[in-house]
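Here are a few comments on the model, set out point by point. They take up the sheet and its packing, and then the cysteines.

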Amino acid sequence: MKIDQSLVIEFQSGLRGKLILPDDVEYENARKVYNGMISKKPAMIVICADVADIIHCVNFARKNDILLSVRSGGHNAGGLGICDGGLVIDLSHIKYTKVDPEAKTVIVGAGCTWGDVDHATQIFGLACPSGIISTTGVGGLTLGGGIGHLTRHYGLTIDNLLSIDLVKADGSFITADEKQNQDLFWAVRGGGGNFGVVTAFKFKLSPVNVVFGGPILWDLSEAEEVLKWYREFILKAPNELNGFFNFITVPPVAPFPESLHMKKMCGIVWNYTGPLGKAEEIFKPVRNFKKPALDLTGPMPYTALQTMFDDLYPTGYQWYWRADFIKEIPDEAIEIHKKFAAKLPTLHSTMHLYPVNGAASHVGKKDTAWTFRDANWSMVIVGVDPDPANKEKITKWTKEYWDALHPYSAGAAYVNFMMDEGDARVKATYGDNYNKLVEVKNKYDPENLFRVNQNITPSVHRVKV
């Protein structure tokens, strides 16, 4: 989209932050997102300095019918923080935290990563449930739901969200929580960025500091036995114990021994957040199950666990994602897992089964927009590689793996693990909550200004392309 130069000059004069245009030297770097497979070319990128800049951007896009996207950390699977030919609101400089250690809360600017939040809260021995990579943006992960190492103990990230500040499509600024704008507060807890630009989050914090965790690996030939044990064990384990199952090609780096380098294996990454004195007792069933090839579990700072995979998955790698919610793991599904695990196409490609039971299942299906509270796992299959030449190889493996497993799924997926998969897939993901989300969309964004996302289309709006 070509934007009139006089409009650009007028727009720029109202900004405190930085406007980046296609001819600027910073443009190529500024348009990149975490997934190197995404290559979109916006007409304008604004590195917003404050909420006033965000409001200015929203008003400009609305008045001039310009496509708009919002980027926090840029980790979105489908690259939905960036757009072709439109305006990108970049929140990366809206970065601040304010911890209240007595109330056990933190206020977080929308440009923060979870590493920023952990840095601010861990000094007080507190944490909020987030993901498993600390460079992930707070905004996208939270609005989609938020799963990770603390899910079974403290729930999803949205289960710990107390309030948000948001710029609406009409440019107005509001706060939403359990007492005001309750419909919006319900919708943003899982409904993504469909309703406006969230500028700040307030989270409840819980005591987490030194945890007992880390990976345990078994030979790939033992995957069937491990999965059959895991599918029963994790459903009955105390909520303080989290563990996600994965297939891995062992990276040739410390602390992995050379004898395992580049070997395909299966594993579970554990995190126990109960009293450290009880850790070995809790881990007895794990230790007694089967002798592993490698056991790296032990006491560690929570931040060590949260950053464990950061270096393995830096910005710019090629990613292709497919995902599903899982209620059961039947023997037939395990056979499919074994088949595709043996064909892991690259060092970084993997499959993860994140448990979403425990505390996350104690919230009602209709209490937040996230409706799959009866799922036991959120599965994601990712083909990953630094080399664009391997794009087809990792995409083919991921699609075929997902196609084979999908009949054993709940028929929908975690929105943060989805790429561009169409309206039917979005509707399936929100299930019985979809119609209510449409009502909220009709109220807060009837023209569908915020549509570069897993879009909830308003029922009556002006057609946009």
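1. Two strands are taken as paired if DSSP finds at least two bridges between them. On that basis, in this predicted model, 4 strands make up an open sheet whose order is β1-β2-β4-β3, with mixed pairing. The edges are formed by β1 (18-20) and β3 (68-71), each of which pairs on one side only, and from one strand to the next the twist averages 20°.

2. At the β1 edge, the neighbouring strand is β2 (residues 44-47), which runs antiparallel to β1 and is joined to it by 3 bridges. Within this pairing, L19 has V46 of β2 as its bridge partner.

3. Helix α3 (residues 51-63) packs on the sheet, where it touches β2, β3 and β4 (87-90). The direction of α3 makes about 165° with that of β4.

4. How many disulfides does the structure hold? The count is 0, and two of the cysteines deserve a closer look. For C83, the closest cysteine sulfur is that of C57, and because the two sulfurs are 12 Å apart, they are too far from each other for a bond, the cut-off for a disulfide being 2.5 Å. C83 is also buried, at a relative accessible area of 2%.

5. C112 is likewise in no disulfide, since the nearest cysteine sulfur, which belongs to C128, lies 12 Å away, whereas a disulfide would need the pair of sulfur atoms within 2.5 Å. With a relative accessibility of 1%, C112 counts as buried.

Methods: Residues numbered from 1 in each chain as written. Predicted model: local features only at pLDDT ≥ 70, side-chain atom pairs only at ≥ 80, totals over all residues. Heavy atoms only, no water. Helix = DSSP H or I, 4+ residues; strand = E, 2+ residues; numbered from the N terminus. Axes fitted to C-alpha atoms, helices over the stretch in contact; angles between N-to-C directions. Contact = heavy atoms within 4.5 Å. Buried < 20%, exposed > 50% of the residue type's maximum accessible area, 1.4 Å probe, protein only.
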